[in-house]
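Please examine the sequence and the three-dimensional structure shown below. The paragraphs that follow lead through selected features in turn.

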Amino acid sequence: MSSSPSPSTPERSISTRVSPVPPRTLTNRAMAAFSRWRYGAVLDPLVAVGHHGKVTRTYALTELGVGGWKSLDPGLRSLAVMAASVQIGCTWCVDFGYWEAQHQHMDPVKLHDVPVWRTSEHFTDLERDVLALAEAETATPPIVDDALAARLTEALGTEAFTELVAIVAVENLRSRINAAMGLSSQGFSDRCEVPMGGPLAQVGEA
């Protein structure tokens, strides 16, 4: 994913509740260089957390570890991540998640319909259970029920189910940090039309 998103010009104004210019530490310079190489732009969350060196390093190590998780189907992972970020209301996460999923050849219709998956005709039964799990786990407090967990464990296997639960938790961490920091869409996908705040009623049902 080294192709650069169009709105990543140096003059772009960053929306954040802290200074958009973090200290020029070795860690921040290294993370910025890696981000430019990997994504064609410095990711706004790196700018936001860059004011605390230990937080930045922990954030980076967490993402490095998550990148090695390979038990869960990438398409199901994308849906789960998108569902969690939409529910929390992180516009940065929705924008980046849509762009990243598109680079993994995810069906854009499914991504667009994540907030309305209960009425959409574009999802399989397994995908609906994954979306239900993501919403139920993201709710406060979490409301994952035994029947849903049992269906997913049987369909995915214990290892992939564990990864699904974990990636939803990781996305909650990302989305809540980004939303609290005031980050908004960075423009990774100017075709991103995923609406925010999808229906949350009957979370956890089949």
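**The largest pocket and its surroundings**

The largest pocket holds about 1100 Å³ of space. Its lining comprises 39 residues, and those closest to the centre are Y39, E63, R77, E100 and R174. Two or more lining residues are given by each of the elements α1 (26-39), α2 (44-49), α3 (53-66), α4 (74-88), α5 and α9. Helix α3 provides the largest share of the lining, with seven residues. Sorted by class, the lining consists of 23 nonpolar, seven polar and nine charged residues. These values, like the others in this account, refer to a predicted model.

The wider fold may now be considered. The protein has nine helices and zero strands, and the order of elements along the sequence is α-α-α-α-α-α-α-α-α. Of its 206 residues, 44% count as buried. Among contacts with a separation of 6 or more, 77% are between residues 24 or more positions apart. The accessible surface of the protein amounts to about 10400 Å², and carbon and sulfur atoms account for 58% of that surface.

Aromatic side chains offer a specific case of contact across the sequence. A search of the whole structure finds eight aromatic pairs. One of them joins F96 and F188: the ring centres lie 5.1 Å apart and the planes stand at 85°, which is over the 60 degrees required, so the pair is classed as edge-to-face. The pair links distant parts of the chain, since F96 belongs to helix α5 (residues 91-103) and F188 to the segment after α9 (158-180), with their positions 92 residues apart. Both F96 and F188 are buried. These two residues also belong to one aromatic cluster, which is formed by Y39, W92, F96, W99 and F188. Y39 therefore appears in two parts of this description, as a member of the aromatic cluster and as one of the residues closest to the centre of the largest pocket.

Is T56 buried or exposed? T56 lies in helix α3, the helix that gives seven residues to the lining of the largest pocket. The relative accessibility of T56 is 1%, and because this value is under 20%, the residue counts as buried. Beyond its neighbours within four places in sequence, T56 is in contact with T27, N28, M31, V49 and G50. The C-alpha atoms of T56 and L46 are separated by 7.1 Å, the two residues being 10 residues apart along the chain.

Two features of the backbone complete the account. The first concerns a peptide bond: T140 and P141 are joined in the cis form, with omega of about -5°. P141 is located in the loop between α7 (125-138) and α8 (146-156). The second concerns H105, which has a positive phi of about 65° although it is not a glycine. H105 is placed in the loop between α5 and α6 (108-112). With 75% relative accessibility, H105 is over the cut-off of 50% and therefore counts as exposed, whereas T56, at 1%, counts as buried.

Note on methods
Residues are numbered from 1 along each chain as its sequence is written. This is a predicted model: local features need pLDDT of at least 70, side-chain atom pairs count only at pLDDT 80 or more; totals for chains, interfaces and linings use all residues. Side-chain values use heavy atoms; hydrogens and water are left out. Helices (H or I, at least four residues) and strands (E, at least two) are DSSP runs, numbered from the N terminus. Buried means under 20% relative accessible area, exposed over 50%, partly exposed in between (1.4 Å probe, protein chains only). Contact means heavy atoms within 4.5 Å. Accessible areas come from the Shrake-Rupley method with a 1.4 Å probe; for residues, only the protein chains shown count as cover. Rings of Phe, Tyr and Trp (its six-membered ring) pair if their centres lie within 6.5 Å; planes under 30 degrees apart count as stacked, over 60 as edge-to-face and the rest as tilted. On a 1 Å grid over the protein atoms alone, a cavity is a set of points where a 1.4 Å probe fits but cannot get out, and a pocket is an open set with protein on both sides within 12 Å along at least five of seven lines; lining residues have an atom within 4 Å of a point. Grid points are joined across faces, edges and corners, and a volume is the space filled by probe spheres set on the points. Ala, Val, Leu, Ile, Met, Phe, Trp, Tyr, Cys and Pro count as nonpolar, Asp, Glu, Lys and Arg as charged, and the others, Gly among them, as polar.
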